[in-house]
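Reader: I am new to this structure and would like a close look at a single part, the place where aromatic rings gather. Could you take me through that part slowly, and then through what surrounds it?

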Amino acid sequence: MISFESDYNNGCHEAILKRLIETNNECATGYGLDDYCTAAKEKIRLACGKPDADVFFLVGGTQTNATVIDAMLQSYQGVLAVETGHINVHESGAIEFGGHKVLTLPSHDGKMDSGELAQWLHDFYADPTYDHMVFPGIVYITQATEMGSVYSRAELQAISDICHRYELPLFIDGARLGYGLMAQGSDVSLEQLADLCDVFYIGGTKCGAYCGEAVVFPHHNAPAHFFTIVKQHGALMAKGRLLGIQFDTLMQDGLYFTLAGHAVQQAMRLRDAFVRKGYKMYSDSPTNQQFVLLDKATVERLEKDFVFEQWYPVGDMMNCRFVTSWATRPEDVDALIAAL
């Protein structure tokens, strides 16, 4: 079986595995205070163009989202996100479990509309009874989105401007950040993204690492005692070097971006083949996630040799997701194309 199920089904890139083996017998300080974490943080600051950025390493996406959002909110505040946002749909209520409500806005191919965000905030504060409501405390978006779409620089700037107007921090979920940055037509660099938000993370789990997310507060603006808050959430890895070694390797010579670019390249080959052979795409994704409408017979035929996800029906068709990754082999894409 050839898998297009997800971008974290493989282990880790061989360069990371090699360094983990080479350093296995070394003795290192715990909790991310080791030399490898220090070196990785410096590489991340350099890549972001933010020499004073606060950087922390956590293990996974849901854990990172829940920890960051909880750390930045007061008890009476919630988080604004689109209806399809990961924290609203696929995190088992982790945000609500932490005591904060997800306040939803309409989703436009996975993206938040800045005009609708501004209108929501205006309407909230125009209501004289807002003291009885859950206050907006942070704005959450993803780059790339759940639907594989990406925000343009102008769209990010518009959302960032509104957040500043209402003194709300902007949090960008970067679980698939590499694929978003390397997407076809993307006009957003890592440095520009860091300029426009208050906190984001560089997703390693889905892009070459065995596990790990690098949380970046680009303006030296981490909440007070964030290290302690991370531990309070059970998110502080004792053997933090595992994360430091991985990110130190990923950020060396642009490996992270090379791996992400490979995945996007293979996804574009697959997308072009779907279109060329007459299949209808559910969305126009420029990233490593491709959504295509398939009939029941085609799904059953392809499932004999390939692993992919069925998301939900659209009329008589099924919206199916095919995901490439840093580890996707060109010959695997060739096999799927031949089977279409």
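Author: What follows starts with a pair of rings, moves on to their neighbours, and then turns to some other places in the chain. The model is a predicted one, and a search of the whole of it finds 22 aromatic pairs. One of them is formed by Phe124 and Tyr125, whose ring centres are 4.9 Å apart and whose planes stand at 85°, so this pair is edge-to-face. A plane angle over 60 degrees is what counts as edge-to-face. The two residues can also be described by their accessibility: Phe124 has a relative accessibility of 6% and counts as buried, whereas Tyr125, with a relative accessible area of 33%, is partly exposed.

Phe124 also pairs with Phe135, and this pair is edge-to-face too, with 5.5 Å from centre to centre and 70° between the planes. Phe124 belongs to helix H6, which covers residues 114–126, while Phe135 belongs to strand S5, residues 135–142, so the pair ties together parts that are 11 residues apart in sequence. Both Phe124 and Phe135 are buried. These rings are part of a wider group, for ring pairs link Tyr76, Trp120, Phe124, Tyr125, Tyr130, Phe135 and Tyr166 into a cluster.

Tyr76, a member of that cluster, is found in the loop between helix H3 (61–72) and strand S3 (77–82). With a relative accessibility of 45%, Tyr76 counts as partly exposed. Once residues up to four places away in sequence are set aside, Tyr76 touches Met133, Val134 and Phe135. Between Tyr76 and Gly137 the distance from C-alpha to C-alpha is 8.6 Å, although 61 residues separate them in sequence.

Gly137 lies in strand S5, the strand that also holds Phe135. The relative accessibility of Gly137 is 5%, which means that this residue counts as buried. Leaving out residues up to four places away in sequence, Gly137 touches Leu73, Gln77, Gly78, Leu168 and Pro169. To give a sense of the span of the model, the C-alpha atoms of Gly137 and Arg301 are separated by 48 Å, with these positions 164 residues apart along the chain.

Following the chain onward from S5 leads to a detail of the backbone. Most residues other than glycine have a negative phi, and most peptide bonds are trans. Against that background, the peptide bond that joins Gln143 and Ala144 is cis, with omega at about 0°, and Ala144 is placed in the loop between S5 and helix H7 (153–165). Gln143 appears again among the contacts of Leu177, which, neighbours within four places in sequence aside, also include Leu190, Leu193, Phe200, Tyr201, Ile202 and Tyr256. Leu177 is in helix H8, residues 177–181, and is buried, with a relative accessible area of 1%. The C-alpha atoms of Leu177 and Thr64 are separated by 14 Å, while the two residues are 113 residues apart along the chain.

Two further residues have an unusual backbone angle in the sense just described. Tyr31 is not a glycine, yet its phi is positive, at about 60°; Tyr31 lies in the loop between helix H1 (14–22) and helix H2 (35–48), and is partly exposed, with a relative accessible area of 38%. Asp253, also a residue other than glycine, has a positive phi near 55°. The place of Asp253 is the loop between helix H11 (241–250) and H12, and at 71% relative accessibility Asp253 counts as exposed.

H12 leads to a case of helix packing. Helix H12 (residues 255–276) packs against helix H14 (residues 330–339) at an angle of about 10°, with the axes 10 Å apart, and the two helices are therefore roughly parallel to each other. On the H12 side the residues that meet H14 are His262, Gln266, Arg269, Leu270, Ala273 and Arg276, and on the H14 side they are Pro330, Val333, Asp334, Leu336 and Ile337. Sorted by class, this contact has six nonpolar, two polar and three charged residues.

Finally, to return to rings, there are places where a lysine lies over an aromatic face. Lys41 lies over the face of Phe56, at 6.0 Å from the ring centre, and Lys111 lies over the face of Tyr151, at 5.9 Å from the ring centre.

Note on methods. Residues numbered from 1 in each chain as written. Predicted model: local features only at pLDDT ≥ 70, side-chain atom pairs only at ≥ 80, totals over all residues. Heavy atoms only, no water. Phe/Tyr/Trp six-rings, centres within 6.5 Å; stacked < 30°, edge-to-face > 60°. Buried < 20%, exposed > 50% of the residue type's maximum accessible area, 1.4 Å probe, protein only. Helix = DSSP H or I, 4+ residues; strand = E, 2+ residues; numbered from the N terminus. Lys NZ or Arg CZ within 6 Å of the ring centre and 35° of its normal. Axes fitted to C-alpha atoms, helices over the stretch in contact; angles between N-to-C directions. Parallel < 35°, antiparallel > 145°, perpendicular 65-115°, else oblique. Contact = heavy atoms within 4.5 Å. Nonpolar A, V, L, I, M, F, W, Y, C, P; charged D, E, K, R; others polar.
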